[in-house]
Number of protein chains: 2
Amino acid sequence: MTDTLTRIALARRPKGLPEPEDFSFETSALPEVSVGNVLVAVTHLSLDPYMRGRMDDVKSYAPSVEIGGTMTGQGVGRVIASKAEGFTEGDLVTGMTGWTSHAVLPATELRKLDDSLPPSTALGVLGMPGFTGWVGLKEFGRPKAGQTLVVGAATGPVGSMVGQLAKAAGMRTVAVAGGPEKCKLAVETYGFDAAIDHRAYADAGALRAALAEAAPDGVDIYWENVGGKLLEAVIPLMNVGGRIPVCGMIAWYTGLDGDGSDRLPALWRSVLVKRLSVNGMIVFDHWGRFPEFVSEVTPMVANKHIAYLEDVAKGLENAPKAFISMLQGGNTGKQIVAL
Amino acid sequence: MTDTLTRIALARRPKGLPEPEDFSFETSALPEVSVGNVLVAVTHLSLDPYMRGRMDDVKSYAPSVEIGGTMTGQGVGRVIASKAEGFTEGDLVTGMTGWTSHAVLPATELRKLDDSLPPSTALGVLGMPGFTGWVGLKEFGRPKAGQTLVVGAATGPVGSMVGQLAKAAGMRTVAVAGGPEKCKLAVETYGFDAAIDHRAYADAGALRAALAEAAPDGVDIYWENVGGKLLEAVIPLMNVGGRIPVCGMIAWYTGLDGDGSDRLPALWRSVLVKRLSVNGMIVFDHWGRFPEFVSEVTPMVANKHIAYLEDVAKGLENAPKAFISMLQGGNTGKQIVAL
């Protein structure tokens with residue numbers, strides 16, 4: 001057992017896509033554990049698109065990471081020292097460890113995991129991304145049998161959960177993903193009825209024509225992970241009474257797209273004419289339903305009714321590279337770092 | 001009693017703001033009344049912003065007016081001939097007469113009015129505009145005491161209903177209107193807590209500063225009648241959990257505003273970060289609640305707990321001019337044509 005903690009700090013605020021130089025590696029002695037707290041040796045770290053937003057110094061739903069502060073994020077690990085009731089050495093736990101080899105956390109902010117499924121599932125299919133898809137679809141998507149769902153970033157951990165749950169609810173499901181391999185995966189692994197490679201279409205108009213073919217009855221739920229060209233393509237295909245849960249906009253985290261003209265009036269007109277229901281969602285508002293999610297979805301994962309994939313980068317030192325690659329769509333499944 | 005029907009037809013499709021030459025006056029003999037129908041002599045005609053949309057040849061929630069077809073609209077009148085059970089000469093009725101001196105309508109599409117309130121109230125405060133405000137606020141605005149509402153076109157028949165109902169629900173109410181007289185009216189007649197003259201501010205930024213002062217705790221409901229500069233101004237002021245019923249966008253019916261840059265990414269980001277609930281609404285989806293509205297709001301109007309104002313143009317020949325003026329904000333209250 002090492003006695004050194006290594007953490008990844010925000011060295012400077014990125015413009016657009018982060019660069020390796022935006023991160024710094026800092027080492028220190030293992031911290032002391034005070035009463036009520038637990039020392040965790042992190043074994044798996046989650047990388048998620050929302051972290052890009054935390055690197056900016058703008059008001060958002062959660063505070064920015066300070067310069068020099070540890071990059072935030074969820075981790076899984078083993079308890080190596082505990083001064084909290086109910087936690088003992090060797091326990092498998094998850095919590096907001098940050099990008100670090102070790103973390104001291106209050107016991108109240110940790111959740112114990114059992115060992116029946118791989119520990120990393122607590123970061124993906126049974127963690128925040130899976131829960132995001134589950135709760136957003138229930139609360140704002142309101143799936144109906146016979147209707148059509150379109151989801152971007154469809155092979156990601158949120159999109160693949162949304163697609164599989166919508167399919168199970170009897171919907172036609174259309175995946176949008178980057179590249180032929182992800183499209184194959186969407187259909188073969190996640191059971192989408194159709195998959196569209198957005199990279200094959202130069203502009204929103206061409207993408208829209210492909211979507212119209214894959215969704216001949218129009219679109220009832222557009223699950224928004226992406227923004228940009230896909231949003232512009234799908235809006236005119238929305239049916240009256242359509243729902244748009246707005247969960248992310250990865251296309252706009254690192255820059256803009258489009259020809260620069262104002263697309264707001266056309267969107268707004270569609271919202272009115274089609275009586276769309278557009279709801280921004282942040283998973284942290286919904287934690288109250290997390291236990292319901294875990295008990296409903298854990299057996300579906302164990303029975304393989306819900307498939308999932310993980311991309312695992314090895315070693316904390318590779319976290320920045322894996323993160324940058326993920327923001328460019330370089331991952332296939334849920335991006336994990338194994339320490 | 002005349003034996004000639006005069007109607008106003010769509011002569012050509014306007015570009016932007018309609019012109020008098022876009023309308024034509026057509027006369028014909030009074031039509032025969034067949035079984036199940038009623039002949040109505042129109043006494044009051046409603047002019048509403050949505051009619052501008054019907055003049056365009058684009059897919060919308062309702063069919064376009066054909067070239068040569070009668071301009072659509074709601075009217076009030078007296079029955080002058082009836083071949084339908086339950087309707088007799090002299091009855092006061094309302095229905096979708098169109099812009100015309102006389103109309104034959106199926107009895108099933110007419111509603112009888114009593115004579116206790118002025119007949120024109122059935123077109124405004126107790127008609128479609130009043131109902132729009134009432135049902136949209138209940139379904140999508142969800143007023144809460146202590147929160148803040150902003151409404152544009154605040155002295156119009158929808159905006160003034162929304163403001164008065166929100167105030168009655170304990171909200172702080174902020175009116176946005178065009179010109180100092182309408183602002184005075186908003187505060188003195190409709191009881192808004194503050195009123196802002198959008199014409200006094202050159203751009204969205206300046207308008208936003210004035211709004212921020214009038215809504216120091218942020219905005220919880222933005223009732224969207226307007227679009228354009230006001231939408232751009234208000235979005236950054238929205239509180240987490242804010243609601244935006246999208247009811248109209250008069251600023252965009254006849255052209256665009258802004259500096260031409262793409263305002264969609266900023267809107268979409270706010271929807272996500274503030275978890276906004278944006279719902280397009282078309283009053284025709286909600287007719288099932290119309291009787292509830294009439295029974296709830298009629299006494300409030302009779303008791304003068306709900307104020308209303310009407311602008312009355314005299315004579316069918318003045319309908320186009322009054323309509324064009326209304327689209328430019330030239331009216332103060334609900335625009336009526338008295339025949």
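## A salt bridge between the chains

Let's start where the two chains meet: B:Arg263 and A:Asp262 join their side chains in a salt bridge, 2.7 Å from N to O. Keep in mind that this is a predicted model. Between chain B and chain A the count comes to four salt bridges, and there are also 11 residue pairs in polar contact, both at pLDDT 80 or more.

On the side of chain B that touches chain A, the elements giving two or more residues are β12 (238-246), α7, α8 and β13 (277-280). Of these, α8(B) gives the most, with eight residues.

## How much surface is shared

Chain B brings 35 residues to the contact, and chain A brings 35 residues as well. Together the chains bury about 3200 Å² between them, with 67% of it on carbon and sulfur atoms. Three residues, B:Trp268, B:Leu272 and B:Arg275, supply 25% of the area that chain B buries against chain A, more than any other three residues.

## Two copies, one axis

How does chain B map onto chain A? A rotation of 180°, with 0.0 Å of shift along its axis, superposes chain B on chain A with an RMSD of 0.0 Å. The two copies are therefore related as by a two-fold rotation axis. B:Asp262 has the C-alpha nearest the axis in chain B, 1.8 Å from it. Both copies use the same surface, as 100% of the contact residues of chain B recur in chain A.

Next in sequence comes a look at B:Ser261, which sits in the loop between α7 (250-253) and α8 (264-273) of chain B. B:Ser261 is partly exposed, at 36% relative accessible area. Leaving out residues up to four places away in sequence, B:Ser261 touches A:Gly260 and A:Asp262.

## A helix with a buried face

Now for helix α5 of chain A, residues 204-214, where A:Ala204, A:Leu207, A:Ala210, A:Leu211 and A:Ala214 are buried. Why do these residues line one face of the helix? Seen down the axis of α5(A), the buried residues fall within an arc of 125°, so they line one face. As a rule, an α-helix has 3.6 residues a turn, so residues three or four places apart point the same way.

The cover over the buried residues of α5(A) includes β8 (148-152), β9 (172-177), β10 (194-197) and α6 (228-234) of chain A. At the start of α5(A), a side-chain oxygen of A:Asp203 comes to within 3.2 Å of the backbone nitrogen of A:Gly205.

## Inside chain B

Finally, B:Thr148 lies in strand β8 of chain B. Is B:Thr148 buried or exposed? B:Thr148 is buried, with a relative accessible area of 2%. Beyond its neighbours within four places in sequence, B:Thr148 is in contact with residues including B:Met171, B:Val174, B:Ala215 and B:Ile221.

Technical notes:
Residues are numbered from 1 along each chain as its sequence is written. Chains are lettered from A and ligands numbered from 1 in the order in which they are written. This is a predicted model: local features need pLDDT of at least 70, side-chain atom pairs count only at pLDDT 80 or more; totals for chains, interfaces and linings use all residues. Side-chain values use heavy atoms; hydrogens and water are left out. Helices (H or I, at least four residues) and strands (E, at least two) are DSSP runs, numbered from the N terminus. Buried means under 20% relative accessible area, exposed over 50%, partly exposed in between (1.4 Å probe, protein chains only). Contact means heavy atoms within 4.5 Å. Copies are superposed by least squares on the C-alpha atoms of residues with pLDDT of at least 70 in both. The arc is that of the directions from the helix axis to the C-beta atoms. A polar contact is a pair of N or O atoms within 3.5 Å; within protein, one must be able to donate a hydrogen and the other to accept it, and residues adjacent in sequence count only if both atoms are side-chain atoms. Buried area is the accessible area (1.4 Å probe) that two parts lose on being put together, summed over both.
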